[in-house]
Amino acid sequence: MTDDEHEPTREEFHEDPIGHAAVWKGMSVGDLATEYGKAGIGAADMGRAVDVYAEMIGRDDVTNFFGLAGAMVPGGMREVVTGLIRDGHIDALVTTGANLTHDAIEAIGGKHHHGRTGPDGHEREHDERLRDEGVDRIYNVYLPQEHFTLFEGHLRDHVFPEFDGTVATSEFTRALGRANAEVNDAEGVDEDAGIAAAAAEHDVPVFVPGIQDSVLGIQAWMHSQVSAFTLDALADLTNITDVAFDAERAGATVVGGGVPKNFVLQTMLTVPEAYDYGVQLTTDPASTGGLSGATLDEARSWGKLEKSAKNVTVLGDATITLPLLVAAARDRLP
């Protein structure tokens, strides 16, 4: 028996030993992401995600679709997304009515506040007290209920009068963005005009396929009861398909899961091509079989990603991973 016959077969083994991430005073976020890439487990995924995302937004021939679920605006991610729109790194945004509700509240002068979840075992008492005080809680973020009244008046006075008939949600959100910017400027609000305003300014369509599942949607429904106004959800399939069809190459960034994630990914089922790049930031594991935890590799089996697509799924709180991803990728751009 020869020595070669004693050698094990290692089809998936590569001579690529794990490195040990180093940190130093004054290191950049890009440096940190590079160090993550040397390590294993979640750090390796984060490092790879930065590589893919930096390439995606750094290419002029890639149309970038961005899915934004969860409580990302009240959680403090509003400026991150606004900056991506203004810098041309988002070409189509798919989000929730809730995120746009909170975005508009900040644009017209309302604020979210640091709060707490309540002592262990006493969350119910804590939330009952908040209800008595007129405060809504999103994990450890508080929002005074009077801000919803402010938002409802904003829609009634500045957005709904723009329409008389059936409109696509992307047309509706464009009008919302323009109104947010106008009020923000007229009132001298110290907070930025935000996501919808930046999208309207830069002609980035904003799609809200589950708009009825939000205060924004409830207000739209209420207005439809006393006017000819109504929203056409199917029209957005045409509008986002047009963006995908015109794309030379396409990339998907998905923050969270649910409807925004699937709406972004399913768009490629309506055109001849599929996504060339994909980065997903989620808290849900794939083992449950749920949509929000499904990896982008799974999406490849559906034809939503090209077989050769560069894609990464990162597990973790998106209020931590999204700023890191964006900052490190920006650090690598020329």
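Two strands count as paired if DSSP finds at least two bridges between them, and helices (H or I, at least four residues) and strands (E, at least two) are DSSP runs, numbered from the N terminus. With that in hand, here is a walk through the fold. This is a predicted model, where local features need pLDDT of at least 70, side-chain atom pairs count only at pLDDT 80 or more, and totals for chains, interfaces and linings use all residues. Residues are numbered from 1 along each chain as its sequence is written, and side-chain values use heavy atoms, with hydrogens and water left out.

**The six-stranded sheet**

Let's start with the open sheet of 6 strands, which has the order β7-β2-β1-β9-β10-β11 and parallel pairing. At its edges stand β7 (206-207) and β11 (305-315), each with a single partner strand, so one side of each has no neighbour in the sheet. Helix α10 (residues 233-246) packs on this sheet and touches β1, β2 and β7, its direction making about 145° with that of β1. Contact here means heavy atoms within 4.5 Å. As for angles, axes are lines fitted to C-alpha atoms, for helices over the stretch in contact, and the angles run from 0 to 180 degrees between N-to-C directions.

Another helix, α13 (residues 318-332), lies across β1, β9, β10 and β11 and runs at about 140° to β10.

How much of strand β9 (residues 249-255) is buried? Of its 7 residues, 6 are buried, leaving the strand mostly covered. (Buried means under 20% relative accessible area, exposed over 50%, and partly exposed in between, using a 1.4 Å probe and protein chains only.)

Here are three of the parallel pairings in the sheet, each with one matched pair of residues.

| Strands | Bridges | One residue pair |
|---|---|---|
| β1 (62-68) and β9 | 7 bridges | Thr63 and Ala250 |
| β9 and β10 (275-282) | 5 bridges | Gly251 and Tyr277 |
| β1 and β2 (92-95) | 4 bridges | Gly67 and Val94 |

**The three-stranded sheet**

There is also an open sheet of 3 strands, ordered β3-β5-β4, and here the pairing is antiparallel. Its edge strands are β3 (113-114) and β4 (135-138), each of which pairs on one side only. Strand β5 (residues 141-144) and β3 are joined in the antiparallel sense over 2 bridges. If you want a spot to click on, His114 has Val141 in β5 as its bridge partner.

The loop between β4 and β5 is where you'll find Tyr139. This residue isn't a glycine, yet its phi is positive, near 55°. Is Tyr139 buried or exposed? With a relative accessible area of 60%, Tyr139 is exposed.

Helix α6 (residues 146-159) lies across β4 and β5, and runs at about 60° to β5.

**Two helix pairs**

Two packed helices are described by the angle between their axes and the distance between the axes.

Take α6 again, this time with helix α9 (residues 215-224): they pack at an angle of about 45°, and their axes are 11 Å apart. That makes α6 oblique to α9. (Angles under 35 degrees count as roughly parallel, over 145 as roughly antiparallel, 65 to 115 as roughly perpendicular, and the rest as oblique.) The α6 and α9 crossing is right-handed; a crossing gets that label if the near helix is turned clockwise from the far one by less than a right angle, and left-handed if anticlockwise. On the α6 side, Phe148, Phe151, Glu152 and Leu155 meet Val215, Leu216 and Gln219 of α9. The residues of this contact come out as 5 nonpolar, 1 polar and 1 charged. For that sorting, Ala, Val, Leu, Ile, Met, Phe, Trp, Tyr, Cys and Pro count as nonpolar, Asp, Glu, Lys and Arg as charged, and the others, Gly among them, as polar.

Then there are helix α1 (residues 29-38) and helix α2 (residues 41-58), whose axes come within 7 Å and cross at roughly 130°. These two are therefore oblique to each other, and their crossing is left-handed. Which residues meet here? Ala33, Tyr36 and Gly37 in α1 touch Ala43, Ala44, Met46, Gly47 and Val50 in α2. That contact divides into 6 nonpolar, 2 polar and no charged residues.

Helix α2 also holds Ile41, a residue with a positive phi of about 55° although it is not a glycine. Ile41 counts as exposed, at 79% relative accessibility.
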